[in-house]
Amino acid sequence: MTRELLIFAGTTEGRKLVDFVRRNQLSAEVVVATDYGREMLEESERIRVSCGRLDEEEMYRKMQENAFDLVLDATHPYAREASDNIRRAAERAALSYFRIVRREADAAEGIHVATVEEAVEFLSHTKGNVLVSTGSKELYKYRKLADYRTRVYPRILPDAQTVSDCMEMGFDRKNLICMQGPFSREMNEALLVQTKSRWMVTKESGREGGFEEKVLAARQANAQLIIVGRPSREEGYSLTQAMDHLKKLYHLNGGRHITLAGIGMGSEGTMTDEVRQAIVNADLCMGAERMLDCARGYSCSLWKGYQPGEIFAYLSEHPEYENICILLSGDSGFYSGAGALKEALLSLDPKLRILPGISTMSYLCSRLKLSYEEVKPVSLHGRSGNLVFQVDTHPAVFTLLNGQESVQAMCQELMEYGLFQVQISVGEDLSYGKERITEGTPKELVKNRFSGLCAAVIRNPDYVKEDSFGIADEEWIRGEVPMTKAEVRAVVLSKLRLSSDSIIYDVGAGTGSVSVEAARKAFDGTVYAIEEKADALDLIRENKRKFRTPNVIPVYGKAPQAMDPLPAPTHAFIGGSRGNLKEILERLLEKNPDIRVVLNAVTLETAGEALRCIKEQAWSEPEIVQVQISRGRRAGAVHLMEGQNPVYVISFCGKREGASLFASPKERMEE
């Protein structure tokens with residue numbers, strides 16, 4: 001085959017079609033009607049561009065004189081006469097003809113008319129400025145309006161001849177808007193507001209023609225649409241169907257190009273040029289509804305969704321899309337779905353690109369004139385997190401929020417744990433026209449109303465600077481309940497080998513001293529403090545509030561039964577078993593065969609029972625440490641050492657065949 005195509009262009013679809021031909025190293029002659037259309041296309045060795053309005057006979061001669069494989073008609077949907085000529089010429093030349101049709105736009109509220117004449121007739125009975133986006137070809141028809149010179153604002157191509165023609169028709173120079181699309185919703189809205197237009201005349205040009213962006217802009221600017229309907233329904237192929245046909249015709253391998261793009265705050269101004277170019281080059285943009293707003297007005301198709309599985313399934317079912325841009329809020333590397341998407345989509349495009357955006361944290365901190373290298377980032381947007389611990393241990397914390405309810409919940413939680421003194425700055429609708437930053441203490445902000453798009457910076461001048469490990473015994477609220485002493489706690493916690501996200505059972509939690517210290521170590525995890533005495537459970541709640549560990553969950557009941565509804569643990573500390581040690585250990589093994597356990601025994605009988613259970617139940621070889629603490633006390637002019645009861649600290653793990661000896665219990669549980 002000659003791999004020669006004849007393309008009649010002049011539209012967004014035409015330009016995208018030419019780009020497709022160029023990428024796949026096919027040859028084509030491209031015909032456009034105007035010099036401006038020619039300027040929008042890049043010629044190359046394989047792409048020739050000719051300019052001029054051809055009649056049917058001229059088209060036929062061109063087809064006869066050249067060896068074309070296929071004629072592709074990507075002219076404007078309203079250029080019906082041109083399409084009819086192209087089709088008839090192709091039939092005479094015995095060439096295959098493909099008409100590229102635009103998808104119908106969604107039905108929109110407005111004044112629907114059949115022709116520009118009807119639109120002008122309607123406007124003659126109204127008042128208010130008019131933004132005309134129907135092109136220059138039929139602009140002369142608006143001269144029937146008595147005050148068209150001052151009332152009508154034509155949006156035309158920045159072409160010298162077109163400008164000259166408009167001025168000859170009597171349109172005021174200052175009313176001419178010379179711009180090349182596509183136009184975003186924000187741009188359409190800005191023009192309506194700037195021209196103080198009450199009316200906007202538009203053709204039903206489909207999504208590729210930016211019709212949806214005009215509908216949204218008119219709604220925002222309180223303007224009324226006058227919609228000129230298409231001349232008639234057309235039969236033909238979508239742009240993606242035409243490209244798919246070319247792939248089959250020329251045996252093209254194609255290949256997917258997937259980009260994960262962080263769009264910044266959401267407004268066009270906070271989007272990087274690199275991301276904007278990725279949207280321009282895309283034939284499909286995917287993302288949540290708000291993310292897709294950035295791509296409206298461009299020529300790409302839009303698909304709403306953000307779950308990795310759904311995106312993979314859609315792309316697998318639609319191989320016609322080659323250049324895919326998946327839009328992500330903020331920065332793709334900051335609390336983003338980019339990681340999960342990358343894993344899901346690498347099989348479709350091993351060279352998948354990830355483009356960064358401006359993160360919400362950097363944007364809000366810049367608004368607050370705050371350097372953010374010492375700000376701790378946390379996200380409560382669609383996830384849980386131990387915000388109290390982070391605020392308590394850092395001078396400043398940034399957090400993403402879910403809106404009104406999450407701001408109130410945040411303020412209430414900070415007050416519940418005694419953090420009344422912190423200063424909160426809540427940013428709403430950042431980068432948008434409604435952007436607002438509200439500052440105050442939790443008590444001042446808890447009753448305020450906030451939008452769904454918000455984030456906060458929390459500053460704590462009294463944050464805890466030292467490591468919280470080893471809280472002195474006298475600091476605890478104790479009552480009459482036994483408590484594991486500070487020195488023994490230190491050994492227990494070192495033997496547990498906790499990570500930041502551990503899930504821990506504290507069986508026989510007493511005052512909650514081990515629970516609280518473990519929770520401050522496993523600040524992104526959870527400690528279930530299991531206790532059957534009601535007075536001890538009250539002490540656990542009090543100490544939980546005092547030491548700001550919301551990730552301690554008091555559980556009332558007797559082990560092992562109280563453990564049944566709880567999630568599987570990675571670690572367990574047994575401070576008291578009430579005669580149920582064997583059953584407790586059996587249940588722990590059932591919940592997680594790789595759990596790490598530390599057990600305290602004060603009596604020889606308990607230590608002996610523990611060793612028998614470990615042997616019978618096939619746990620790992622235990623590590624046994626006897627801790628004998630002596631504390632000094634003043635006796636007149638001297639100090640004497642008083643010995644405490646010895647404690648056996650026994651630590652051991654479950655043994656699952658093939659488990660890594662060096663992996664954490666949680667990592668082994670997930671293998």
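Which residue is the bridge partner of Ala 261 in E16? In this predicted model, the partner is Leu 355. The pair belongs to strand E12 (residues 257-262) and strand E16, which run parallel and are joined by 3 bridges. Both strands sit in an open sheet of 5 strands, and reading across it gives the order E14-E13-E15-E12-E16, with parallel pairing. Strand E14 (301-304) and strand E16 (353-355) form the edges, each pairing on one side only. From one strand to the next, the twist averages 20°.

Helices pack on this sheet as well. Helix H11 (residues 273-281) touches E12, strand E13 (284-287), strand E15 (323-328) and E16, and its direction makes about 130° with that of E16. Helix H13 (residues 308-317) also packs on the sheet, where it touches E12, E13, E14 and E15; the direction of H13 makes about 160° with that of E13.

Further along the chain lies the largest nonpolar core, with 28 residues. Within this core, the residues that touch the most other members are Tyr 505, Ile 574, Leu 585, Leu 588 and Val 597. Several elements each supply at least two residues, among them strand E22 (503-507), strand E25 (571-574), helix H22 (581-591), strand E26 (596-601) and helix H23 (604-616). Val 597 offers a good view of the surroundings: beyond its neighbours within four places in sequence, Val 597 is in contact with Ala 572, Ile 574, Leu 585, Leu 588, Trp 619, Ile 650, Ser 651 and Phe 652. A second core, separate from this one, has 25 residues, including Phe 20, Val 32, Phe 98 and Met 243. In soluble globular proteins, nonpolar side chains tend to be buried together.

H22 and H23 also meet one another. Their axes come within 10 Å and cross at roughly 35°, and the crossing is right-handed. From H22, the contact uses Leu 581, Lys 582 and Leu 585, while H23 brings Thr 606, Glu 609, Ala 610, Cys 613 and Glu 616. Sorted by class, this contact has 4 nonpolar, 1 polar and 3 charged residues. Leu 585 thus appears both in the helix contact and among the core residues that touch the most other members.

Helix H20 (residues 513-521) is mostly covered, with 8 of its 9 residues buried. The buried residues include Val 514, Val 516, Ala 518 and Ala 519, and also Glu 517 and Arg 520.

Near the start of the chain, Leu 5 is found in strand E1 (residues 4-8). Leu 5 counts as buried because its relative accessibility is 0%, below the 20% cut-off. Residues up to four places away in sequence aside, Leu 5 touches Val 21, Leu 26, Ser 27, Ala 28, Glu 29, Phe 68, Leu 70, Leu 72, Leu 246 and Tyr 250. For one of these, Glu 29, the C-alpha atom is separated from that of Leu 5 by 6.3 Å, although the two residues are 24 apart along the chain.

Some backbone details in loops also deserve a look. The peptide bond from Ala 559 to Pro 560 is cis, with omega near 10°, and Pro 560 is found in the loop between strand E24 (552-556) and E25. Ala 94, in the loop between helix H4 (80-92) and strand E5 (96-99), has a positive phi of about 60° although it is not a glycine. At 70% relative accessibility, Ala 94 counts as exposed. His 251 is not a glycine either, and has a positive phi of about 55°. The place of His 251 is the loop between helix H10 (239-250) and E12, and with a relative accessible area of 69%, His 251 is exposed.

Notes: Residues numbered from 1 in each chain as written. Predicted model: local features only at pLDDT ≥ 70, side-chain atom pairs only at ≥ 80, totals over all residues. Heavy atoms only, no water. Pairing = 2+ DSSP bridges. Helix = DSSP H or I, 4+ residues; strand = E, 2+ residues; numbered from the N terminus. Axes fitted to C-alpha atoms, helices over the stretch in contact; angles between N-to-C directions. Contact = heavy atoms within 4.5 Å. Core = buried A, V, L, I, M, F, W, Y, C linked by side-chain atoms within 4.5 Å. Buried < 20%, exposed > 50% of the residue type's maximum accessible area, 1.4 Å probe, protein only. Left-handed = near helix turned anticlockwise from the far one by under 90°. Nonpolar A, V, L, I, M, F, W, Y, C, P; charged D, E, K, R; others polar.
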